[in-house]
Amino acid sequence: MKEILQATTMSTDPDISLSSYDEDQGSKLIRKAKEAPFVPIGMAGFAAIVAYGLYKLKSRGNTKMSVHLIHMHVAAQGFVVGAMTVGMGYSMYREYWAKPKP
């Protein structure tokens, strides 16, 4: 009974730690970027397209505001979907074709 009680209680041993709780936001972002490198590329591309759209907002000519915003939305969304697709292809390549044979 003592072993069951000991197994169900939380450990207070300072040597036991979970790595996900020890890392700060910067190191977590770097670790995730190494696991899936196309996610930060998609985020950066999205931010770049949004910045470009805001920059070109005044010089859009005769184009209505709503049409300009729709074009920027489609471009940003297309870049993110494209980065996700390339990332999945890269991940599949790494997993199935570039994996060393046992």
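**Exercises on a predicted helical chain**

In this predicted model, α5 gives the largest share of the lining of the largest pocket, namely 8 residues. The exercises below start from that pocket and then turn to the fold, a charged pair and the record.

**Exercise 1.** Describe the largest pocket by its volume, by the residues and helices that line it, and by the chemical classes of its lining.

*Solution.* Begin with the volume, which is about 230 Å³ for the largest pocket. Next, take the lining, which consists of 16 residues, and note that A36, F38, V39, M84 and G87 lie nearest the centre of the pocket. Then assign the lining to helices: α4 (38–55) and α5 (65–97) each supply at least two of its residues, with 8 residues coming from α5. Finally, sort the lining residues by class, which gives 11 nonpolar, 3 polar and 2 charged.

**Exercise 2.** Work out which secondary structure elements make up the protein chain, and how much of the chain counts as buried.

*Solution.* Counting the elements gives 5 helices and 0 strands, and reading along the sequence gives the pattern α-α-α-α-α. Turning to accessibility, 8% of the 102 residues of the protein chain count as buried. The protein chain exposes about 9,100 Å², and carbon and sulfur atoms supply 66% of that area.

**Exercise 3.** Locate the salt bridge of the structure, and decide whether its two partners are buried, partly exposed or exposed.

*Solution.* The structure holds 1 salt bridge, and the partners are E35 and R31, whose closest N and O atoms are 3.2 Å apart. This separation meets the criterion, because a side-chain nitrogen of Arg has to be within 4 Å of a carboxyl oxygen of Glu. As for position, both residues belong to helix α3 (residues 25–35), where they are 4 residues apart, about one turn of the helix. For accessibility, buried means under 20% and exposed over 50% relative accessible area; E35, at 43%, is therefore partly exposed, and R31, at 32%, is likewise partly exposed.

**Exercise 4.** State which residues UniProt lists as "transmembrane region", and describe the model over each of these segments.

*Solution.* The UniProt record, an unreviewed entry, lists residues 36–55 and 75–93 under this name. Over residues 36–55 the chain is 90% helix and 0% strand, with its end C-alpha atoms 30 Å apart. Over residues 75–93 the chain is 100% helix and 0% strand, and here the end C-alpha atoms are 27 Å apart.

Notes. Residues numbered from 1 in each chain as written. Predicted model: local features only at pLDDT ≥ 70, side-chain atom pairs only at ≥ 80, totals over all residues. Heavy atoms only, no water. Buried < 20%, exposed > 50% of the residue type's maximum accessible area, 1.4 Å probe, protein only. Areas by Shrake-Rupley, 256 points an atom, 1.4 Å probe, with all protein chains shown as cover. 1 Å grid on protein atoms, 1.4 Å probe; cavity = no way out; pocket = protein on both sides within 12 Å on 5 of 7 lines; lining within 4 Å. Points joined across faces, edges and corners; volume = space filled by probe spheres on them. Nonpolar A, V, L, I, M, F, W, Y, C, P; charged D, E, K, R; others polar. UniProt positions renumbered as here; feature names shortened; annotations may be inferred.
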